[in-house]
Amino acid sequence: MSIIGWELAIWPDRAQYRPGAAVTLIAEVHGPAGAEAALLVEVTERAATVGELVAAITLDGAGSARVLLAWQPPEGIAWRAYGADATLTAGSNPVAKATTALDVAPHWGNAPRNGFLANFAPGQTESDDAARADAMLRLHLNCIQFYDWMYTHYDYIPPQDLFTDPLGAHMDFGAVRRRIQLCRERGMAPLAYASVYGAEKEFSDAHPDWLLYDGTGRPMNPLCGLFYFQDPSPDGGWRQYLLGSYQQALDLGFAGTHCDTYGSPKAGLTQDGRLVRLEQVLPGLVADAHALAVAADPVEGGSTFNNVKGWPVEAMSTAPAAALYIEVWPPDEMYRDLYELVLRARYLDRKRQLIISAYLWPFTPKQDRPAGAMAGLRLAAATVFASGGFYLLLGEGTAVLNEAYYKDHGYLDQDDWETVRAYWDFQTRYGPLLADPAALDVTTANTCFGAVEARFTGPEGLTFSAKALPGTVWHIVKDGPGYRTYNLINLTAVEKPLWNSAQPEARPVQGIGVRLECLRRPKAVWWASPDVDGGQPQPAAWSLEKDDAIGQVLVTTVPHLHYWSMLVVED
């Protein structure tokens with residue numbers, strides 16, 4: 001909200017804070033030249049106010065001012081998250097409002113808001129680089145994958161800064177070094193993309209005993225015909241060579257590596273005919289990569305691995321890494337599939353978080369953006385976040401991924417970027433509720449086939465579903481320590497629940513009734529939505545009633561659902 005002539009923006013100076021660190025909020029104000037105003041920032045945790053910051057502001061001759069506000073979060077080592085809601089007053093009238101979010105955690109892996117950088121072309125200035133980093137900072141992206149940053153897949157460091165990579169991209173290694181530093185300065189861990197196999201032909205020809213071979217004795221090279229597959233077994237020469245390359249990346253200042261596999265092969269033969277099952281050897285490689293990263297940077301160090309199509313996540317769930325990571329491909333095409341991937345990862349590993357990499361083809365720069373692309377993005381993001389995952393989709397400032405080759409990304413315009421920012425703000429602000437490893441998903445148990453714990457009602461004709469059915473309001477219910485969450489996702493206008501698609505604009509639903517089994521009086525009942533007031537918590541009117549069948553029932557309402565709303569009951 002802003003009165004004509006006034007603008008306000010606010011954001012933290014780091015993508016994430018470590019326990020004990022002071023928070024600095026940056027507020028930018030634009031308005032009439034020389035005007036005076038007062039700024040009030042309310043800091044909240046969940047729906048409770050935990051701090052208030054004030055500042056007197058005088059705009060300069062150009063009508064601008066930048067103010068830094070300091071705040072010290074409560075002590076402790078647990079992951080905690082906060083909202084910051086700012087109101088600017090001129091005279092006695094509020095003239096602008098803005099919101100942001102921040103969180104405090106021991107490591108970025110506690111809440112891995114993954115982003116990407118992929119454009120290292122020559123000719124970009126330090127100012128260009130800083131603008132990209134600042135835009136990602138405002139999205140709270142705290143671990144940034146540097147995609148295809150290296151000279152080759154077997155020799156990371158180029159002989160000179162300007163070079164052409166194996167896929168023909170013109171590169172400036174100076175931009176890589178600058179962006180590593182810019183990420184570090186903003187509390188964003190830079191991660192080096194690094195394949196676990198896939199060296200180019202000239203290297204592979206020189207090391208035939210390091211290769212994997214198919215059943216006919218040919219070296220495996222199904223990826224673009226350019227990259228041959230090496231054997232990553234622990235006793236092989238490639239394994240030690242690769243770990244040396246990973247160390248080179250860490251020596252540049254990277255906080256870790258994103259270890260990529262291409263999904264295939266799953267197995268291969270060595271030159272002497274020994275069978276190598278990759279799900280048996282890759283976990284050890286990733287553990288070694290993670291150990292190198294932590295040794296190089298005990299505070300920020302950590303690595304991830306790409307479980308393409310969920311393979312081999314069962315094996316990887318026991319390997320040390322900063323987070324689990326799944327790149328999604330068909331047949332996992334439905335919203336329900338994204339949800340079940342998160343549940344699967346949580347079942348396998350109750351401690352580590354999951355990054356979902358799910359590309360949105362409607363944002364390809366090779367075609368005009370179809371109507372409904374942003375509706376599709378909002379529903380995909382709501383699905384991942386409400387399920388308890390983290391979403392690798394955004395980067396390069398205002399870019400959005402549309403395919404697996406990150407250099408061919410699409411872009412968001414300013415209005416779309418602000419919409420997306422509200423969703424990433426929301427996920428940051430309420431992350432400890434949305435992605436709490438201690439929470440149990442009780443959607444089916446509490447809402448289906450005779451369950452009495454939660455019931456939803458709405459306007460005539462509105463139906464609810466626990467399975468993300470088209471034409472319904474999809475509900476996801478979680479039971480956490482001291483709270484319960486009820487996420488509602490609006491699929492009423494959706495005909496085909498495909499996450500990688502444009503979707504019709506959602507039809508807002510007003511007044512969803514909620515009846516919950518209630519054993520004791522709640523401490524707080526509130527709701528929030530990234531589509532309403534920047535995600536600020538809204539008090540929910542509620543009452544307790546007696547029910548002959550259930551006992552005591554909490555009766556409340558979610559007043560508004562556009563794409564995604566969340567009801568929270570604190571015990």
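Let me start with one side chain: a polar atom in the side chain of Asn490 lies 2.7 Å from the backbone oxygen of Arg507. The side chain of Asn490 also reaches the backbone oxygen of His562, at 2.8 Å. Before going on, please keep in mind that this is a predicted model.

Where does Asn490 lie? It belongs to strand β30, which covers residues 483-490. Is Asn490 buried or exposed? Its relative accessibility is 1%, so Asn490 counts as buried. Apart from neighbours within four places in sequence, Asn490 is in contact with Leu379, Thr472, Ala506, Arg507, Pro508, Val509, Leu561, His562 and Tyr563. Two names on that list are familiar by now: Arg507 and His562.

Val509, another contact of Asn490, takes us to a sheet. Strand β31 covers residues 509-517. It pairs with strand β35, residues 551-561, in the antiparallel sense, over 8 bridges. If you want one place to look at on the screen, Val514 stands opposite Thr556 in β35.

These two strands are part of an open sheet of 4 strands, in the order β27-β31-β35-β34, with antiparallel pairing. At the edges stand β27, residues 454-457, and β34, residues 542-547. Each of them has a single partner strand, so one side of each is left without a neighbour in the sheet. On average, neighbouring strands here are turned by 25° against each other, direction ignored.

There is another open sheet to show, again with 4 strands, and here the pairing is parallel. The order is β19-β20-β21-β22. Its edge strands are β19, residues 307-308, and β22, residues 390-392, and each pairs on one side only. Strand β21, residues 354-357, runs parallel to β22 and is joined to it by 3 bridges. Within that pair, Ser357 stands opposite Leu392 in β22.

Which helix packs on this sheet, touching β20 and β21? That is α7, residues 335-348, and its direction makes about 150° with that of β21. Helix α8, residues 373-387, lies across β21 and β22 and runs at about 140° to β22.

Next, helix α1, residues 126-138. It has 13 residues and reaches 18 Å from its first C-alpha to its last, close to the 18 Å expected at 1.5 Å a residue. Which residues of α1 are buried? They are Asp129, Ala130, Arg132, Ala133, Ala135, Met136, Leu137 and Arg138. What covers them includes the strands β1 (7-12), β8 (114-117), β9 (143-146) and β23 (394-395), along with the helices α2 (173-185) and α9 (414-429). Just after α1, His140 takes a positive phi of about 65°.

The last residue of α9 in that range is my link to the next site, Asp85: the side chain of Asp85 makes a polar contact with the side chain of Arg429, at 2.8 Å. Asp85 is found in strand β6, residues 80-90. With a relative accessible area of 7%, Asp85 is buried. Leaving aside neighbours within four places in sequence, what is Asp85 in contact with? The list is Leu40, Val41, Glu42, Thr44, Ala98, Thr99, Arg429 and Gln536. For a sense of distance, Asp85 and Glu52 are 33 residues apart in sequence and 9.6 Å apart in space, C-alpha to C-alpha.

A histidine next. His290 lies in helix α5, residues 278-296. Its relative accessibility is 15%, and the cut-off for buried is under 20%, so His290 counts as buried. Not counting residues up to four places away in sequence, His290 touches Gly301, Gly302, Ser303, Pro320, Ala321 and Ala322.

I will finish with the cysteines. How many disulfides does a search of the whole structure find? The count is 0. Take Cys259, which is in no disulfide: the nearest cysteine sulfur is that of Cys143, and it is 14 Å away. A disulfide needs the two sulfur atoms within 2.5 Å. Cys259 is buried, with a relative accessible area of 0%. Cys518 is buried as well, with a relative accessible area of 3%.

Definitions and conventions:
Residues numbered from 1 in each chain as written. Predicted model: local features only at pLDDT ≥ 70, side-chain atom pairs only at ≥ 80, totals over all residues. Heavy atoms only, no water. Buried < 20%, exposed > 50% of the residue type's maximum accessible area, 1.4 Å probe, protein only. Contact = heavy atoms within 4.5 Å. Expected span 1.5 Å × (residues − 1). Pairing = 2+ DSSP bridges. Axes fitted to C-alpha atoms, helices over the stretch in contact; angles between N-to-C directions. Polar contact = N/O pair within 3.5 Å; in protein donor to acceptor, adjacent residues only side chain to side chain.
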